[in-house]
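Subject: The structure for you to look at

Hi,

Here is the structure I promised to pass on. Have it open while you read, and I'll walk you through what turned up.

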Amino acid sequence: MKQRIITGAIAAALFIPFVIIGGIPFILLVYVLATIGFQELLKMKGRSLMSVPGLISLVALYAFMLPGDWSQEVYEWTGYLKVEFVFMAVILLLIHTVVVKNSFTFDDAAFAILGTLYVGLGFYYLIETRESGLAVLIFALLVVWFTDSGAYFTGRKIGKRKLWPEISPNKTIEGFIGGIIWAIGIGLVFAYFAGMEQSLLLVAIVAIVASIFGQLGDLVESALKRHFNVKDSGKMLPGHGGILDRFDSILFVMPLLHFLHFI
């Protein structure tokens, strides 16, 4: 627990200044985080980022994550939309299955592309959220972090009924509900003092939905790790695991905020 708190404090101290600064420094940091996260995902599958399919997928990931302005510049320069780079990656990965005589299979190609979308979509919307303004991003991060803490401490204190033991044995229904309550509390407090333009009722509703989606994102990552029989996605963050272990909820919450037109 002590190691988890220390790592979390150091990581937050390094991450938050980039969030505040925004712009190119923040975008580059997100690209670095996405690269590490994608490498962790491939490693769980037993594949290397420094391989032909790994590098093809990485290019697709980078193209998919291009912010709006950058994407427009790439289109003007190359004549291709970023989605077309992803389509080309699909074709190249399928060709690779033939070249290597199915030592890299259709299933591997499908995993690489779905992994690109899984990692790329969340980190792309993390960038887009910051580009839309600082307040909403801080709101989202606080909701995610307080959901995580609320679920953990509530579950330890009063948790009795297992939420989804086949996927994550330690999570409880009480912790799940506690995470939502903590998310509502911090969401309303932040929205009030930050002077957010959305009504407090809307803020509460979004906090509830975001908390639920964040916890589902955590469960998705747990399901992946259980499927591949690994404890953590990586070892970069002592006490937490890897980048995907720390950003799994954010990867679900950021697209949700845009889907709900909360941005």
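**What I found**

Let's start with a single stretch: over residues 133-154 the chain is 95% helix and 0% strand, and the C-alpha atoms at its two ends sit 32 Å apart. Bear in mind throughout that this is a predicted model. The stretch is one of those that UniProt lists, in an unreviewed entry, as "transmembrane region". That record also lists residues 200-220, a span that is 100% helix and 0% strand, with 30 Å between its end C-alpha atoms. Among the other listed ranges are 6-34, 46-65 and 85-102.

**Two domains**

Now zoom out. The chain is split into domain 1, residues 1-132, and domain 2, residues 134-262. How far apart are the centres of the two domains? Taken over C-alpha atoms, 22 Å separate them. Where they meet, 29 residues of domain 1 are in contact with 32 residues of domain 2. About 2800 Å² of area is buried between the two domains, and carbon and sulfur atoms give 77% of that.

**The cores**

The largest nonpolar core has 55 residues, and the ones with the most contacts inside it are Met-65, Val-119, Phe-123 and Phe-139. Several helices give two or more residues to it, including helix 1 (2-21), helix 3 (52-64), helix 6 (106-132), helix 7 (134-158) and helix 9 (200-228). Which helix gives the largest share? That is helix 2, with 11 residues. Since domain 1 and domain 2 both give residues to this core, it lies between them.

Try clicking on Phe-139. Setting aside residues up to four places away in sequence, Phe-139 touches Gly-187, Phe-190, Met-196, Val-203, Val-206, Ala-207 and Phe-262. There is also a second, separate core of eight residues, and Ala-60, Phe-104, Ala-109 and Ile-113 are among them.

**Two acidic residues in helix 6**

Asp-108 lies in helix 6. Is Asp-108 buried or exposed? Its relative accessibility is 9%, so it counts as buried, the cut-off being under 20%. The side chain of Asp-108 makes a polar contact, at 2.7 Å, with the side chain of Arg-47. Apart from neighbours within four places in sequence, Asp-108 is in contact with Lys-45, Arg-47 and Ser-103.

Glu-131 lies in helix 6 too. At 44% relative accessibility, Glu-131 counts as partly exposed. Leaving out neighbours within four places, Glu-131 is in contact with Gly-23 and Ile-27. Have a look at Pro-67 as well: Glu-131 and Pro-67 are 64 residues apart in sequence, yet their C-alpha atoms are 8.7 Å apart in space.

**Thr-154 and Gly-175**

Thr-154 sits in helix 7 and is buried, with a relative accessible area of 15%. Where does the side chain of Thr-154 reach? It goes to the backbone oxygen of Gly-150, at 2.6 Å. Not counting neighbours within four places in sequence, Thr-154 is in contact with Gly-159, Glu-174, Gly-175, Gly-178 and Trp-182.

Gly-175, one of those contacts, is in helix 8. With a relative accessibility of 2%, Gly-175 counts as buried. Beyond residues up to four places away, Gly-175 touches Gly-150, Ala-151, Thr-154, Gly-155 and Gln-215. Compare that with Val-19, which is 156 residues from Gly-175 along the chain: the C-alpha atoms of those two are separated by 29 Å.

**Two backbone angles to check**

Most residues other than glycine have a negative phi. With that in mind, find Asn-102, in the loop between helix 5 (82-99) and helix 6. Phi of Asn-102 is near 70°, a positive value in a residue other than glycine. Asn-102 is exposed, with a relative accessible area of 53%.

His-261 is another one to find, in the segment after helix 10. Its phi is near 55°, again positive in a residue other than glycine. His-261 counts as exposed, at 73% relative accessibility.

Have fun exploring, and shout if you get stuck.

Cheers

Technical notes:
Residues numbered from 1 in each chain as written. Predicted model: local features only at pLDDT ≥ 70, side-chain atom pairs only at ≥ 80, totals over all residues. Heavy atoms only, no water. Core = buried A, V, L, I, M, F, W, Y, C linked by side-chain atoms within 4.5 Å. Buried < 20%, exposed > 50% of the residue type's maximum accessible area, 1.4 Å probe, protein only. Helix = DSSP H or I, 4+ residues; strand = E, 2+ residues; numbered from the N terminus. Domains from an automatic or database assignment. Contact = heavy atoms within 4.5 Å. Polar contact = N/O pair within 3.5 Å; in protein donor to acceptor, adjacent residues only side chain to side chain. UniProt positions renumbered as here; feature names shortened; annotations may be inferred. Buried area = accessible area lost by both parts, 1.4 Å probe.
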